[in-house]
Amino acid sequence: MSDCLFCKIASGEIPSECLYEDELVYAFKDIDPQAPVHFLVIPRSHIASAAEINAENSAAAARCLEVAAKLAGEMGLDGFRLVSNCGERAGQSVNHLHFHVLSGRDMTWPPG
Ligand code: AMP
Ligand code: ZN
């Protein structure tokens, strides 16, 4: 999608701190970290949110989860939170599916 921030990040048009990339997904550090470790995993293809995951695009969404687990393992994270805000009311500010991986501090539940 031409006017999407995360499509531009995945294609390299907008710079980011890349942690992992393959043909389906791209992982990079969040620009405004909410924990000592905070990175995002996104599909390269444009999926607007978790509400748009379907049989056609679920392989890319599943790969995002696979990569989140792989990076968390490689980083030796002592627990992590995996979050995908879906819709404005849930706090989604970028309309391209992304999974937050947060770690390095104690987390509370339920979220605010
Ligand atoms: P959400 O609010 O759940 O949609 O998450 C969007 C996330 O994208 C926020 O945590 C932002 O800090 C992050 N973000 C926005 N712009 C950039 C950017 N250029 N590079 C890295 N992360 C970004
Ligand atoms: Zn996009």
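By class, how many nonpolar, polar and charged residues does the lining of the largest pocket have? That is a good place to start on this predicted model, and the points below take the pocket first, then the metal site, the salt bridges and a few single residues.

1. **Pocket lining.** The answer to the opening question is 22 nonpolar, 11 polar and 6 charged residues. The largest pocket itself has a volume of about 830 Å³. It is lined by 39 residues, and those closest to its centre are D30, D32, Q34, H38 and H100. If you have the model open, these five residues make a handy selection for finding the pocket centre.

2. **Which elements build the pocket.** Two or more lining residues come from each of α1, β2, β3, β4 and β5. Strand β3 gives the most, with 4 residues. As a reminder of where that strand runs, β3 covers 37–43.

3. **Zinc site.** Now to the metal. The zinc ion (ligand 2) is held by four donor atoms: SG of C4, SG of C7, ND1 of H46 and ND1 of H96, at 2.1 to 2.3 Å. The angles among these 4 donor atoms run from 106 to 117 degrees, and the site is tetrahedral. For comparison, ideal angles at a metal with four tetrahedral donors are 109.5 degrees.

4. **How the zinc donors are spread along the chain.** The spacing of the donor residues of the zinc ion (ligand 2) in sequence is C-x2-C-x38-H-x49-H. H46 sits in the loop between β3 and α2, while H96 sits in the loop between β4 (81–83) and β5 (99–103), so this pair ties together parts that are 50 residues apart in sequence. The two histidines are also worth viewing with the surface switched on: H46 is partly exposed, at 29% relative accessibility, whereas H96 is buried, at 0%.

5. **A salt bridge between a strand and a loop.** The count of salt bridges comes to 6. One of them pairs K29 with E17, with the closest N and O atoms 3.6 Å apart. What does this pair tie together? K29 belongs to strand β2 (residues 25–29) and E17 to the loop between α1 (5–11) and β1 (18–21), so the link joins parts that are 12 residues apart in sequence. K29 is partly exposed, with 41% relative accessibility, and E17 is exposed, at 52%.

6. **Salt bridges within helix α2.** Two further pairs deserve a look. E74 and K70 form a salt bridge whose closest N and O atoms are 2.7 Å apart. They are 4 residues apart in helix α2, which means a separation of about one helical turn. E74 is exposed at 55% relative accessible area, and K70 is partly exposed at 38%. E66 and R63 form another salt bridge, with 3.8 Å between the closest N and O atoms. This second pair is 3 residues apart in α2 (residues 58–75), again about one helical turn. E66 counts as exposed, at 52% relative accessibility.

7. **A small charge network.** Some of these pairings share partners. Through such shared salt bridges, D22, E23, R63 and E66 are joined into one network. In general, side chains of opposite charge can pair when their charged atoms come close.

8. **The cis peptide bond.** Please check the peptide bond from W109 to P110: it is cis, with omega near 5 degrees. Most peptide bonds are trans, so I would point this one out to readers. P110 lies in the segment after β5.

9. **Two buried residues and their distances.** Buried or exposed: which is V101, in strand β5? V101 is buried, with a relative accessible area of 0%. Its C-alpha atom is 19 Å from that of I53, and the two residues are 48 apart along the chain. L71 belongs to helix α2 and is buried as well, at 4% relative accessibility. Between the C-alpha atoms of L71 and S11, which are 60 residues apart along the chain, the separation is 20 Å.

Note on methods. Residues numbered from 1 in each chain as written. Chains lettered and ligands numbered in written order. Predicted model: local features only at pLDDT ≥ 70, side-chain atom pairs only at ≥ 80, totals over all residues. Heavy atoms only, no water. Salt bridge = Lys/Arg side-chain N within 4 Å of Asp/Glu carboxyl O. Buried < 20%, exposed > 50% of the residue type's maximum accessible area, 1.4 Å probe, protein only. Donors = N, O, S within 2.8 Å, 3.2 Å for Na, K, Ca; no water. Tetrahedral: all angles 85-135°; square planar, octahedral: opposite > 155°, others 65-115°. 1 Å grid on protein atoms, 1.4 Å probe; cavity = no way out; pocket = protein on both sides within 12 Å on 5 of 7 lines; lining within 4 Å. Points joined across faces, edges and corners; volume = space filled by probe spheres on them. Nonpolar A, V, L, I, M, F, W, Y, C, P; charged D, E, K, R; others polar.
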